[in-house]
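Trainee: I have the sequence and the model open. Could we walk through the architecture together?

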Amino acid sequence: LRPDLAEAREREVARLDAEILEAIGRGWDDPLSEEEFDRLARDVFAHQFRFNPVYRQFCLLQGVSAPADVERWQAIPPVPTGAFKVGRWSTFPPDDDRAEFRTSGTTGNERGVHYLDTLALYNAALVSSARRYLLPDRERIRCLFLSPEPRLARDSSLVHMFAVFREALGSPGTAFLLARDRQPGADALASALERATDDDEPVLLAGAALAFHHALAGSDRSWCLPPSSRAMVTGGFKGLRASADPVGLARVIEEKLGIPPELQATEYGMTELSTQYYDAKLRRALGFDDSARGLVIPPWARVRIVEPGEAHESPPGETGAILHYDLANRGSALAIQTSDLGARTRADAFELRGREPGAEARGCSLAADLWLGGA
Amino acid sequence: VTAPRRGAEPTGERCAELLRAGEALAARPAAEVQAALAAACARWLDPGDPARRDGELALSRHHRVPARAIAAVLDAGFAVWTEAALARRAAVELGDARALDAFVPLGAARRMALGPRLAVVLASRGVPTTPIGDAIDLLSVKAPVWLKLASGSDDLAGRFARTLREIDPAVGAALHVSDLPADSPDTAAALAAADLVVATGRGETLARLGARVGSDARLVLHGPRLSAALLTRSGLEADREGTVMALADDVAFAGQVGCLSPVVAWIEGDGGEQLLEEVLRACIERWPAPRRAESDPAERAAWAEWAALADVERAAGSGRVAGGRDSGWSIQWRPGPAPPAPPPAPRILALAPVSHAAEVVDLCARARGRVATVGIAGGDAEIERLAGPLARAGVERVTPLGRMQRPPADWRRDGRPSLADLVRWVDRED
């Protein structure tokens with residue numbers, strides 16, 4: 001960028017970030033109105049249009065030749081998640097990188113990268129949601145993460161989230177329990193659970209569904225964790241369809257840890273997003289009024305459920321493709337298109353449907369996979 | 001035998017019937033069994049056969065394509081299983097086809113090859129004839145088969161089983177086609193009773209299958225595979241139109257659902273982008289699938305994301321797509337290196353340039369272990385020159401373009417013999 005443009009970009013970033021942080025800070029107490037969200041979303045879009053030339057070209061192909069062509073936030077052209085694999089998808093130069101999170105990948109598949117020039121928006125968004133949906137009843141809790149330590153997984157957005165949890169929400173005894181090879185460290189987990197039981201200290205046990213499955217399903221040990229202990233389960237059962245039953249995992253967590261299903265929160269996030277979604281189950285169980293069914297959309301984000309391949313929204317309750325609009329994604333893509341399917345359950349909530357979100361593309365030999373899935 | 005309704009039959013009894021049918025097969029010469037299988041295939045190869053005519057119409061409705069598209073699949077699928085081909089395969093793979101019936105001198109001993117007492121096949125929702133091929137493999141070694149269809153499959157396997165029973169009731173009784181749900185007690189019982197399970201799927205899924213079968217059962221697993229095509233400079237110069245037609249024959253076969261359909265076609269030299277529309281037209285002609293807008297939501301969503309990504313690539317200065325949402329096919333021009341990769345939705349083909357044909361060896365090596373077939377349009381000498389390096393790069397089969405979908409009966413699927421994997425050898429030493 002020319003120096004004058006770079007300066008303009010920095011000024012714009014500072015203004016947008018301040019407004020987005022304010023929006024996140026207002027949270028659910030004073031949520032952004034539709035008009036406020038619309039204005040801010042279109043400002044972020046204009047910024048991304050200006051400073052990401054590939055996105056600008058992409059918008060031209062979608063019939064949007066200038067930010068002014070977008071009259072409502074719903075018309076912002078969404079970027080497919082695959083764009084994070086094609087090249088650098090950001091509005092800032094590499095020198096400004098503060099973090100890069102990589103999508104999970106399997107052999108032979110490219111991994112997408114989400115570059116961030118600041119973690120302020122990311123961290124603010126994740127703490128705000130976690131406080132509301134994981135810890136509405138207390139300031140801090142002993143956190144046990146079924147993940148490797150942050151220094152062993154610097155490019156994992158999930159591990160980064162846990163690192164922020166440790167600082168913002170964790171009390172003494174908080175620990176990361178997976179070894180370098182990411183296999184559950186059975187001893188570490190057992191001793192952490194025993195310590196929590198001995199101390200009569202409630203815990204938040206957090207991790208991917210697969211990690212819970214590996215840690216607990218094959219174990220013949222069980223614990224009765226102190227009351228108010230809770231779990232946060234994220235991710236699907238990619239490659240584990242034989243157990244792709246959230247109810248089954250919830251039962252295992254209850255049997256092995258003594259955490260009832262109503263104290264097991266579900267989190268849904270994507271590397272390409274800066275905002276996470278939670279269900280309100282745990283919050284309700286702790287006595288807070290929240291009638292939302294499905295995954296709740298924070299006030300600084302929006303989700304559209306659209307007819308796949310079309311621009312118009314699916315009727316409430318009908319299955320469609322999920323589009324995300326995340327203000328905290330200021331430096332990358334505010335609007336993200338996925339092939340995941342879902343349905344709206346309420347104005348501010350949705351649920352996932354169909355095959356496992358984020359599942360790999362299907363080749364010729366899906367049979368056993370379908371079969372195991374109870375097809 | 002008819003394609004059963006969900007929850008229609010008691011499996012304990014069905015398993016017992018299959019075991020009895022297997023015992024009856026064991027007493028018969030394998031050649032007789034193979035002759036019955038070949039006769040059933042011949043019926044399905046005959047366009048005038050009533051079962052075939054009905055089947056064409058039924059599959060045409062199921063797949064929402066004209067009957068002629070189905071006919072092409074049936075012709076290619078059933079043509080390979082002739083009596084001679086089945087006998088030759090048994091002889092080649094086992095050393096002596098008579099080993100399926102008795103102890104025969106083989107190497108340092110007299111040996112006999114026994115098929116499983118009961119085999120379960122977890123079939124793919126792919127090319128309609130593929131599950132039948134799995135059943136034929138097993139019946140060829142005199143094993144009774146519980147064939148579990150994938151959800152959403154057409155009913156060709158059930159129809160074939162009916163034909164087989166008409167031709168030879170005893171052989172037909174050894175094939176049971178089921179579409180019972182995976183979690184039904186009956187299916188679980190069949191799996192528990194089987195001493196051999198043949199399944200296809202993703203590697204990680206197959207790895208977990210072991211927990212679902214009996215402890216003594218053997219698993220024959222077929223992991224995910226892809227195929228690719230190479231259009232050499234000489235091939236295109238010699239017969240451009242014929243080369244495009246051959247590519248479309250291989251790509252569009254059964255709507256590109258099989259692992260032998262190329263997902264990428266490499267074009268040697270310049271001018272590849274000009275082939276986009278031609279290839280699109282030829283694919284539509286062979287398999288006129290409904291428009292994307294009429295496909296199921298999962299396919300529409302996956303395709304929409306793919307199409308948006310194609311726009312991103314175009315915005316980044318590369319790539320072009322022929323075939324949008326008003327078409328059932330999409331052909332993409334990808335100027336960069338393009339190793340074989342599974343498309344997110346069916347009926348998507350990438351065309352990508354290579355400067356020299358030899359470059360495809362490295363591209364295949366980047367997908368090592370997953371490339372089933374490379375079809376090459378070029379001279380014999382050129383194909384011969386590439387075959388060795390491609391083999392060392394992990395490719396399992398190299399064939400002229402246009403023949404990718406017609407592997408011989410003794411094709412080494414996944415690089416392995418098809419019968420030898422199914423039998424247990426018994427040695428008798430004097």
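What follows is a friendly exchange about a predicted model.

Trainee: Let's begin with chain A as a whole. What percentage of its contacts with a separation of 6 or more comes from residues 24 or more positions apart?

Mentor: Chain A holds 11 helices and 14 strands. Of its 375 residues, 55% count as buried. Among contacts with a separation of 6 or more, the share from residues 24 or more positions apart is 68%.

Trainee: Good. Now α2(A) and α3(A): are they roughly parallel or roughly perpendicular to each other?

Mentor: Take helix α2 (residues 34–51) of chain A and helix α3 (residues 53–61) of chain A, whose axes come within 5 Å and cross at roughly 105°. Angles of 65 to 115 degrees count as roughly perpendicular. The pair α2(A) and α3(A) is therefore roughly perpendicular.

Trainee: How many nonpolar residues are there in the contact of α2(A) with α3(A)?

Mentor: From α2(A) come A:Phe45, A:Gln48, A:Phe49, A:Arg50 and A:Phe51, and they meet A:Pro53, A:Tyr55, A:Arg56 and A:Cys59 of α3(A). Sorted by character, the contact has 2 charged residues, 1 polar and, to give the number you asked for, 6 nonpolar.

Trainee: And α1(A) with α5(A): roughly parallel or roughly perpendicular?

Mentor: The axes of helix α1 (residues 3–26) of chain A and helix α5 (residues 120–133) of chain A come within 10 Å and cross at roughly 5°. Since angles under 35 degrees count as roughly parallel, that makes the relation of α1(A) to α5(A) roughly parallel.

Trainee: Which residues of α5(A) are met by α1(A)?

Mentor: The contact of α1(A) with α5(A) divides into 7 nonpolar, 1 polar and 1 charged residue. On the α1(A) side are A:Asp17, A:Ile20, A:Leu21 and A:Ile24. Their partners in α5(A) are A:Ala120, A:Leu121, A:Ala124, A:Ala125 and A:Ser128.

Trainee: Next, strand β7 (residues 230–234) of chain A. Why is it described as largely enclosed by the rest of the structure?

Mentor: Look at both faces: A:Arg230, A:Met232 and A:Thr234 point one way from β7(A), while A:Ala231 and A:Val233 point the other way, and all are buried. The strand is largely enclosed because the number of its residues that are buried is 5 of the 5.

Trainee: Which residue of β8(A) stands opposite A:Val233?

Mentor: β7(A) joins strand β8 (residues 264–268) of chain A through 4 bridges, running parallel. Opposite A:Val233 in β8(A) stands A:Thr266.

Trainee: What is the handedness of the β-α-β crossover from β6(A) to β7(A)?

Mentor: Strand β6 (residues 203–208) of chain A and β7(A) run parallel and are joined by 5 bridges. Within that pairing, A:Leu205 stands opposite A:Ala231. The chain passes from β6(A) through helix α8 (residues 209–217) of chain A to β7(A), and the crossover is right-handed.

Trainee: Is A:Gln337 buried or exposed?

Mentor: A:Gln337 belongs to strand β13 (residues 335–346) of chain A. Beyond its neighbours within four places in sequence, its contacts include A:Pro78, A:Ile322 and, from chain B, B:Ala304, B:Glu305 and B:Ala308. With a relative accessible area of 11%, against a cut-off of under 20%, A:Gln337 is buried.

Trainee: Over to chain B. Which strands stand at the edges of the sheet β1-β2-β15?

Mentor: This open sheet of 3 strands has antiparallel pairing. One of its pairs is strand β2 (residues 109–114) of chain B with β15(B), joined by 5 bridges, and there B:Ala113 has B:Trp425 as its bridge partner. A single partner strand leaves one side without a neighbour in the sheet, so the edges are β1 (104–106) and β15 (424–428) of chain B.

Trainee: In the sheet β5-β4-β3-β6-β7 of chain B, which residue of β6(B) stands opposite B:Val120?

Mentor: That open sheet has 5 strands with parallel pairing, and the twist averages 15° from one strand to the next. Strand β3 (residues 119–122) of chain B pairs with strand β6 (residues 196–200) of chain B over 4 bridges. Opposite B:Val120 stands B:Val197.

Trainee: Lastly, what is the relative accessible area of B:Arg89?

Mentor: B:Arg89 sits in helix α5 (residues 83–94) of chain B. Leaving out residues up to four places away in sequence, it touches residues including B:Asp137, B:Ser140 and B:Asp410. B:Arg89 is buried, and its relative accessible area is 2%.

Methods:
Residues numbered from 1 in each chain as written. Chains lettered and ligands numbered in written order. Predicted model: local features only at pLDDT ≥ 70, side-chain atom pairs only at ≥ 80, totals over all residues. Heavy atoms only, no water. Axes fitted to C-alpha atoms, helices over the stretch in contact; angles between N-to-C directions. Helix = DSSP H or I, 4+ residues; strand = E, 2+ residues; numbered from the N terminus. Parallel < 35°, antiparallel > 145°, perpendicular 65-115°, else oblique. Contact = heavy atoms within 4.5 Å. Nonpolar A, V, L, I, M, F, W, Y, C, P; charged D, E, K, R; others polar. Pairing = 2+ DSSP bridges. Buried < 20%, exposed > 50% of the residue type's maximum accessible area, 1.4 Å probe, protein only. Right-handed = clockwise from strand over helix to strand, strands pointing away.
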